[in-house]
Amino acid sequence: MINLGIIGTNWITDQFVQAAHETGNYQLVAVYSRKLETAQTFGEKYGDVEYATDLETFFALEHLNTVYIASPNSLHFEQAKQGILAGKNIIVEKPAFSTPKEMAEIIELANQKNVFFFEAARNIHERAFKTVADFLPLKNQIIGADFSYMKYSSRYDKVLAGQEPNVFSPHFSGGALVDLGVYPIYAALAWFGLPNESIYYGQKIATDVDGIGTGILRYDHFDVTIRTGKIGDSFQQSEIYLTNGTLVMNAINSIDEAVFHDRNHQRREKLSVHQLENPMIEEAENFAQVILNPTDHKLGTEYEEWVELSRNVNQVIYDMRKSAGIVFDADEE
Ligand SMILES: NC(=O)c1ccc[n+]([C@@H]2O[C@H](COP(=O)([O-])OP(=O)(O)OC[C@H]3O[C@@H](n4cnc5c(N)ncnc54)[C@H](OP(=O)(O)O)[C@@H]3O)[C@@H](O)[C@H]2O)c1
């Protein structure tokens with residue numbers, strides 16, 4: 001059993017704890033919050049849980065072995081570092097870290113301390129995602145792709161009212177690219193590998209981060225277009241163009257419909273994909289298998305691949321952000 005602690009008490013943490021419990025591999029044992037009352041309100045529904053309002057006390061809890069971090073983006077790095085130094089495995093919400101320097105430091109530290117670091121990029125852990133990956137090599141060459149993830153955030157109302165909510169703040173490493181843009185970028189790098197070049201055109205909002213934008217990832221023989229945003233909604237499907245047809249997916253995460261339109265045979269092939277009610281169960285299960293079987297070679301290799309993917313996604317997002325002139329406080333050395 002994995003003794004789980006959490007940092008950040010918003011709805012996403014509830015969803016993760018429920019998913020973790022549903023796998024049967026985790027038990028929530030500790031909650032950190034800046035306020036005791038908030039910690040108690042969060043933890044009381046999960047049974048016998050310890051509470052902490054300072055991180056030192058929280059990470060010193062001996063029976064705690066894995067911590068899920070879902071705080072504002074810019075806080076992930078210091079919290080993860082503190083957790084690793086205390087010997088805990090860490091599961092960090094996407095986007096894990098603000099810069100390649102932070103990412104490299106955490107990966108190295110986790111290796112040194114012999115603990116695991118996972119970025120909670122849920123789409124790559126969905127079975128549907130692997131079904132698409134397995135389908136792709138069977139077809140001829142890829143000639144392009146168009147991935148979209150854009151959803152209006154109610155917190156944009158606050159920006160319009162003159163405020164700076166964390167998710168739209170350069171102080172907290174916010175904006176559309178690093179938030180929802182991370183999913184299409186993860187998909188492109190997981191399915192096609194590291195691009196040769198990347199560029200992003202983001203439209204800045206009043207808080208000086210991107211509210212909406214378009215990116216291009218250049219590969220040897222094709223380009224991938226990334227469309228993302230948090231100040232509007234997209235109902236566009238995501239597509240992969242192959243020399244003999246087109247794979248059309250309803251989304252780039254939580255894929256529950258994927259159809260290949262075969263041009264040569266004039267037919268449609270429906271891939272067998274479906275989604276679980278809680279979209280975080282598959283990642284929670286994957287992380288648990290690695291944590292619970294630290295000497296398993298196959299799982300170890302898979303873990304290394306996830307870490308390298310996190311590192312590459314972080315670098316590409318950083319390059320794209322720089323190309324669009326989006327600057328975070330975390331960029332300052
Ligand atoms: N995987 C997904 O589908 C998904 C969905 C949503 C969000 N996320 C990720 O989850 C993370 C949290 O996102 P969110 O929208 O929940 O963020 P948020 O509401 O801004 O903050 C999350 C938690 O962090 C703590 N916090 C807030 N402001 C803080 C501050 N100024 N200083 C210290 N702690 C602060 C609060 O917990 P306490 O009050 O208890 O301290 C809060 O509940 C982000 O990295 C985001 O990208 C992932």
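In this predicted model, a backbone N or O atom of Ser-71 sits 3.5 Å from an oxygen atom of the ligand. Lys-94 also makes its contact through the backbone, with an N or O atom 2.7 Å from a ligand oxygen. Glu-93 uses its side chain instead: one of its N or O atoms there is 3.1 Å from a nitrogen atom of the ligand. On its own the ligand has 900 Å² of accessible area, and the protein covers 81% of that.

Zooming out from these contacts, the shell around the ligand counts 22 residues, with Thr-9, Ser-33, Asn-73, Lys-94 and Asn-166 the closest. Lys-94 thus turns up both in this closest group and in the backbone contact at 2.7 Å. Sorted by class, the shell has nine polar residues, eight nonpolar ones and five charged ones. As for where the ligand sits, domain 1 (2-122) and domain 2 (124-280 + 313-331) each supply residues to the shell, so the ligand lies between the two.

Next come the enclosed spaces. The structure holds two cavities of 30 Å³ or more. The largest cavity takes up about 120 Å³, and 17 residues line it, those closest to its centre being Pro-95, Ala-96, Phe-97, Asn-314 and Ile-317. Helix H11 (297-323) is the top contributor here, giving six residues to the lining. The make-up of this lining is 10 nonpolar, five polar and two charged residues. Both domain 1 (2-122) and domain 2 (124-280 + 313-331) are represented in the lining, with at least three residues from each.

The second largest cavity has a volume of about 70 Å³. Its lining includes a run of aromatic names, among them Phe-117, Phe-118, Tyr-186, Phe-287, Tyr-303 and Trp-306. Also on the list are Glu-119, Ala-121, Ile-124, His-125, Val-307 and Ser-310. Two elements give two or more residues to this lining, namely strand E6 (117-120) and H11. Of these, H11 has the largest share, with four residues. By class the lining has nine nonpolar residues, two polar and one charged. Here too, domain 1 (2-122) and domain 2 (124-280 + 313-331) each provide at least three residues.

Then there is the open space on the protein. The second largest pocket holds about 600 Å³. It is lined by 23 residues, and Ile-124, Lys-130, Glu-302, Glu-305 and Trp-306 come closest to its centre. Four helices give two or more residues to the lining: H6 (127-135), H9 (182-192), H10 (281-292) and H11 (297-323). H11 again makes the largest contribution, this time seven residues. The lining splits into 10 charged, nine nonpolar and four polar residues.

Taken side by side, these spaces share some of their walls. Ile-124 and Trp-306, both among the residues closest to the centre of the second largest pocket, also line the second largest cavity. H11 runs through the whole set, with the largest share of the lining in the second largest pocket, in the largest cavity and in the second largest cavity. The two domains recur as well: both give residues to the shell around the ligand, to the lining of the largest cavity and to that of the second largest cavity.

Key
Residues numbered from 1 in each chain as written. Predicted model: local features only at pLDDT ≥ 70, side-chain atom pairs only at ≥ 80, totals over all residues. Heavy atoms only, no water. 1 Å grid on protein atoms, 1.4 Å probe; cavity = no way out; pocket = protein on both sides within 12 Å on 5 of 7 lines; lining within 4 Å. Points joined across faces, edges and corners; volume = space filled by probe spheres on them. Nonpolar A, V, L, I, M, F, W, Y, C, P; charged D, E, K, R; others polar. Near = heavy atom within 4 Å. Polar contact = N/O pair within 3.5 Å; in protein donor to acceptor, adjacent residues only side chain to side chain. Areas by Shrake-Rupley, 256 points an atom, 1.4 Å probe, with all protein chains shown as cover. Domains from an automatic or database assignment.
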